[in-house]
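Reader: I'd like a close look at one part of this model: the place where the two chains meet. Could you walk me through it, and then follow the helices and odd backbone spots that go with it?

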There are 2 protein chains.
Amino acid sequence: MRTKLLSTALGSSLVLAALIGAPSLAEADGAAMLGFTADHAASETAAEARFDSGLSASDIDARLKLMSALPNQVGSPHDKENAEYTLAQFKAWGWDAHIEVFNVLYPTPKFESLTLEGDHPFTATLTEPPIPGDASSARQAGALPAYLAYAGEGDVTAPLVYVNYGMPADYAELARLGVDVKGKIVIVRYGAGWRGLKPKLAYEHGAIGCIIYSDPADDGYGMADPYPKGPARPERGLQRGSVLDMAIESGDPLTPGYGAVEGAPRIARADAKTILKIPAVPISWGDAQHFLEHIGGPQAPASWRGALPFTYHVGGDGPKVHLVVQSNWDEKPLYDVIAVMKGAREPDQWVIRGNHRDGWVFGAQDPLSGQSALMEEAKSLGALAKTGWRPARTIIYASWDGEEPGLLGSTEWAEAHDKELKSKAVVYVNSDTNDRGFLGAEASYSLESLLNQAAGAVTDPETGVDVRDRAIAAVEVRDLDPHAGPMVKAMARVARTEGVMPVGDMGSGSDYTPFVQHLGVASINIGFGGEGSSGGVYHSVYDTYEHYTRFGDPGMKYGVALAEVGGRLIMRAADADLDPYAYTPVAQTVGREVQELKTLLADTRNHAETQDALLKEDAFKLAADPTKSWSPPPHADAPPTIDFGPLDAATQRLAASAKAYDAAAAHPASDAHLEDVDALLQRSEQDLTDPAGLPNRPWYQNLIYAPGVLTGYGAKTLPGVREAIEGARWAEAQDYVARTAKALDALSDRLDKATRLLTQ
Amino acid sequence: MRTKLLSTALGSSLVLAALIGAPSLAEADGAAMLGFTADHAASETAAEARFDSGLSASDIDARLKLMSALPNQVGSPHDKENAEYTLAQFKAWGWDAHIEVFNVLYPTPKFESLTLEGDHPFTATLTEPPIPGDASSARQAGALPAYLAYAGEGDVTAPLVYVNYGMPADYAELARLGVDVKGKIVIVRYGAGWRGLKPKLAYEHGAIGCIIYSDPADDGYGMADPYPKGPARPERGLQRGSVLDMAIESGDPLTPGYGAVEGAPRIARADAKTILKIPAVPISWGDAQHFLEHIGGPQAPASWRGALPFTYHVGGDGPKVHLVVQSNWDEKPLYDVIAVMKGAREPDQWVIRGNHRDGWVFGAQDPLSGQSALMEEAKSLGALAKTGWRPARTIIYASWDGEEPGLLGSTEWAEAHDKELKSKAVVYVNSDTNDRGFLGAEASYSLESLLNQAAGAVTDPETGVDVRDRAIAAVEVRDLDPHAGPMVKAMARVARTEGVMPVGDMGSGSDYTPFVQHLGVASINIGFGGEGSSGGVYHSVYDTYEHYTRFGDPGMKYGVALAEVGGRLIMRAADADLDPYAYTPVAQTVGREVQELKTLLADTRNHAETQDALLKEDAFKLAADPTKSWSPPPHADAPPTIDFGPLDAATQRLAASAKAYDAAAAHPASDAHLEDVDALLQRSEQDLTDPAGLPNRPWYQNLIYAPGVLTGYGAKTLPGVREAIEGARWAEAQDYVARTAKALDALSDRLDKATRLLTQ
């Protein structure tokens, strides 16, 4: 099935091998395995089958149930118990395992209150009552209440302003409505951008407090029947979360760049750049409706309306709100559980697999659905090893702590081992939440071929086709919808023209960030979803075993599928005769992105010029209702010319170098230099980094993908240039054109060198 | 202001005149008036100034208050009183006025009930309680209750199915969800397509009853604060209306094609094609929420969700609903008030102005806002005439009865006078509802230049620019929004490239239909709106003087503006030295539409082929959640080639003929043939008609614009071809390519003849 589409091109050495014929490294029964000789591919396939047979849905289920039985946030007794349980399991499965402890600043709530004054007084409950039929939800002792980690403290009283999703465009709209948040408290709904940006942008616009609520339009009854009838967030469900400024850097805010071990250099809390300045609190829509219904002020713009049964207004001069947040600013221990299986041939090449273990409350879906599958992989690999199988490279399995508050466990570990990782890590494979449905992935472009091959070898439990084909079918069907957005269209185009599954760009929001974006370790993030609905209770008390087994992944079939994909990625990366990178996708994708930048600049210029013409003609005034408070958009300078020549030249060169390398890798002249090439290419993602990092956030060093400063989780590609254009910083854009071109040239240099070694 | 944009091209003889210089018909101080000599334009401008000075906002206000004081639907005592009042006013103002009576089938409710059975029983109130502060809303004696005119009768009991807006795409989606409406009662929300299509399509899909409700997302609290706090539809507000199948033909269902005068041929009610077959009733969201909340069945698709505070489901096997509708099928009299001012030079050329007078209840906005302004025009023209002014052509002012149930008054009058109208009518200018804001208009393309000039001569009361410039500014600003839809983009492009205000295509929904679409009388429809919010109580008890003067047009400034535009159109059409048609816009617009058809065909082919490829690959099955009832879309044949050659040739020829005529009209060789040309061109819109009419609806004869069979009000351009492509009737499409091309060629012939006369 789907062979017509998929046989055309994978943009990798696999296909070159298939086309040219008789390669020494890749030809196995028509399905060449990237980086493997034909014989080795056959034995690898057999090993994978044995790996699969060691996976048990019921073991995943039992583990998830055990680990999600009690609240397990950072510093909780059950988090430590889970760490010790995980350690014991790894050891029992034959791994060389240990716990690494880091001590990090982790604030917890001391006192919180939120009240509405005026004619309709109300005190927010800030709590989530137990739900009948969900026994877990009644075991709340020790759970965090409504809380946003790393928010500021304060005791503030002011009128409210509703700022929609609280993103930059919302503040621009608010300004045009004539409403200012200076000295006010904002109420903002979850969605459209990362949580942490909401109070940060509110603070930058002068607000003195921030309430974040879950509108039923976004994950409540507007999406599906609420729990317990259905999966969606119920009236009193609220979303905890971190508001650490992770777009600047992740990890312990007091040890930026260093592992938070004993004796590490620590800055003062007041100097920490990533701690928020104003108090903030998350609430349910059951609480929020009281604050929103009588907020007054102008009617909210159409796109700001949620699903509460009244007309949304913006507020600004309505009744006052009183918000108090006081926190304990203690250090807390993180317990990263690290399990090692040493490589037989290249022990100093590391293949790393990780998932976090800490939840906000019970964390059944987030993160234990992924964590439990990862442990199943470790169990099965351990069993394989007991039958004599040994990986060529060293495998490391990691159960991270403290992901929720700020990727703490992974970041501190990556920072503590930074030099070693830069010289040894071949790949980092991450997972987090997992649900029934379609394989979704983000990846370094050099790993797209590996990911496609591994996904093409795993059978979808519901349909019987492989999970890659199912993912491609899904995006193609979505693309047929006349309302399909540009991102779906772009992914479908790539699926059609290059025959590859949709792979996203690496932003942030899980533990791959310190690896791929800080250190330059090629990374993949995987997870199933799209049919399960456990995300409806994201970060609430109701993310329980009961909810997950009804709405997330009943029977844990997708837990097994995740383990099959994760295990394959790890085994292939660990066993391949040559590191399973392919670079043609890097050149293709970056080439497309450079074209996008040119379009972005042209669109920016066109918009600025059109808007200016309309401003000069007073068109905005004529188009506005004079009975409403309102102002035209501010003048925007049209961008100057930016010389994309260096990027054009670098991408052209990279296309040629990547093509030559991928061909050479499929047909090495001998196996004399394979380990030299491995050693060389293991740093190839690092070529894409710049020690100076991105503007105003030097910790982020990858020039190809980063979480957007103004998206938080969402990726920006070629971020140095793209964000400079979006922010109208033209000199910076030109600077990062040069820096990015230089990085691409460094990769071309490395590939040319590898090609020479392979053709000797 | 805005001269840079607007000085470029009006696509009319005006501009040709300005460019070529020294025309005999059009050059007056840089602002040439279409169809006028320079001297005559100056005196016309002076007459218009006198006309304006005769307009009084307070007279409009007093008249609206008087006429909306009591329910005034067809057959009500106050409708007749209003007719007699209107007649008396016309006469008092010096017009030769009379009432024409038609007797039409007009059903009224005898008994209605709607109840929900099961665990949550409920009986619909079907009433609208008085609202504090709105004295009119307490004067409901004699008002129609919740009622849909021309619905069927019946006493039916069945489970409910929610079908969203009840449009064809909704039924396709429902089929894919595995839910059938056969033998069920449907509940459908207002919006997205004309009311009458909803029960019609429900019937065609096998439903036995239909409930139409107003979702708060569409005109309730989801749009604005409900009345009385704001203008939007309150909890118990419901929308009456007609469900006569007006896409087939408008007017009395028993006298299709004939005026319903005494002795007219009448068909039996059972043979009437436009009367609905199943019972139907309109309800408020206050009633509807009880029916929708417990409907059961699959969750509704995302785009089907309204603003009620629960998850929308589709139903199908939930509790039963019992619906009873019984009607009186009496004949009722219509009172059209007709006022004539005879033309001095060409009395047999008629310039007609109309607005309906009947409302559903009080009808303050719909229709008395427009009716009251129209009467103000008649008052001021009467005053002008008393000072010695006389139009060159005959002016007819009409106050139509029975528009609401089915354009009855205008259609019967047009049918009764069809031969005379075909040989005499030069233009029909319609209005209906009017609100504060922007001038909106639909027009025959040959009248776009006249409309632009008239609008360019009227000052907007809020901004001081002319109403044309304000309309252009509004569409240009909307076009700057990154989410602007294709219709806004198309209108903005025309505004930019041709310098003309946005003019819509003529669909249906008001009294111009019998003129432009049945008889081929060139027509214009005008009305202000976009800032006033009186539409929130459309067809409800709350469309009152109190509501209108708070939210519609406080101070009646836009009532005056409407009279200024309407009066100018009538005066210029009546006084021009040469009928004020311009044909370059016809050629330009039809040329664009032919290109649209080609794109539509290509898109249809592309979609069918892509969908078929995905069907063959089983992609829809792979992309679907197997735990949900669901089926793939049905196979669609890819369209064959359609030969657009005849249309290409006809539009090319028309472009040349129109250009030549417009140039000749600006510089006639002499004034010897002006009346001959007038006589010739008066029938030019009729060239665009076909006596065979459109497929399956011969009453609709205009081949350039029609209400869509599947949109109801919304226009379809080149409808014979376009609807055939949309319906995959390929032979019909090819047939109407030829018919439409022939119509355009007939117009070219006529223009060539006129050009010869003008250049002799």
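Author: In this predicted model, the contact draws 36 residues from chain A and 36 residues from chain B. On the chain A side, helix H15 (467-480), helix H20 (584-616) and helix H21 (619-623) each bring at least two residues to the surface that touches chain B. H15(A) gives the most there, with seven residues. Sort the chain A side by residue type and you get 18 nonpolar, seven polar and eleven charged.

Now stay with H20(A), one of those helices, and look at how it packs inside its own chain. Two packed helices are described by the angle between their axes and the distance between the axes. For H20(A) and helix H22 (residues 645-666) of chain A, the axes come within 8 Å and cross at roughly 160 degrees. Angles over 145 degrees count as roughly antiparallel, so H20(A) is roughly antiparallel to H22(A). The crossing of H20(A) past H22(A) is left-handed. If you want to pick it out on screen, find A:Thr584, A:Val586, A:Ala587, A:Val590, A:Gly591 and A:Val594 on the H20(A) side. Across from them, H22(A) puts in residues including A:Leu647, A:Thr651, A:Leu654, A:Ala655 and A:Ala658, along with A:Asp648, A:Lys659 and A:Asp662. By type, the residues of this helix-helix contact split into eight nonpolar, three polar and three charged.

Over in chain B, try helix H19 (residues 557-575). H19(B) has 19 residues and spans 26 Å from first C-alpha to last, close to the 27 Å expected at 1.5 Å a residue. H19(B) is also mostly covered, with 18 of its 19 residues buried.

Then the backbone oddities. Most residues other than glycine have a negative phi, and most peptide bonds are trans. The bond from A:Asp366 to A:Pro367 is cis, with omega near 15 degrees, and A:Pro367 sits in helix H10 (residues 364-386) of chain A. Chain B has a cis bond from B:Tyr227 to B:Pro228, with omega near 10 degrees; B:Pro228 is in the loop between helix H8 (216-219) and strand S8 (241-242).

As for phi, B:Ala192 is positive at about 75 degrees although it is not a glycine. B:Ala192 lies in the loop between strand S6 (185-189) and helix H7 (197-204) of chain B, and counts as partly exposed because it has 19 C-beta neighbours inside 10 Å. B:Asn696, not a glycine either, has a positive phi of about 65 degrees. Look for B:Asn696 between helix H24 (684-687) and strand S17 (705-707), in the loop; with 12 other C-beta atoms within 10 Å, B:Asn696 is exposed.

Note on methods:
Residues are numbered from 1 along each chain as its sequence is written. Chains are lettered from A and ligands numbered from 1 in the order in which they are written. This is a predicted model: local features need pLDDT of at least 70, side-chain atom pairs count only at pLDDT 80 or more; totals for chains, interfaces and linings use all residues. Two residues are in contact if their C-beta atoms, placed from the backbone, lie within 7 Å. Helices (H or I, at least four residues) and strands (E, at least two) are DSSP runs, numbered from the N terminus. Ala, Val, Leu, Ile, Met, Phe, Trp, Tyr, Cys and Pro count as nonpolar, Asp, Glu, Lys and Arg as charged, and the others, Gly among them, as polar. Axes are lines fitted to C-alpha atoms, for helices over the stretch in contact, and angles run from 0 to 180 degrees between N-to-C directions. Angles under 35 degrees count as roughly parallel, over 145 as roughly antiparallel, 65 to 115 as roughly perpendicular and the rest as oblique. A crossing is left-handed if the near helix is turned anticlockwise from the far one by less than a right angle, and right-handed if clockwise. The expected span of a helix is 1.5 Å times one less than its number of residues. A residue is buried if 20 or more other C-beta atoms lie within 10 Å of its own, exposed if 12 or fewer, and partly exposed in between; C-beta atoms are placed from the backbone.
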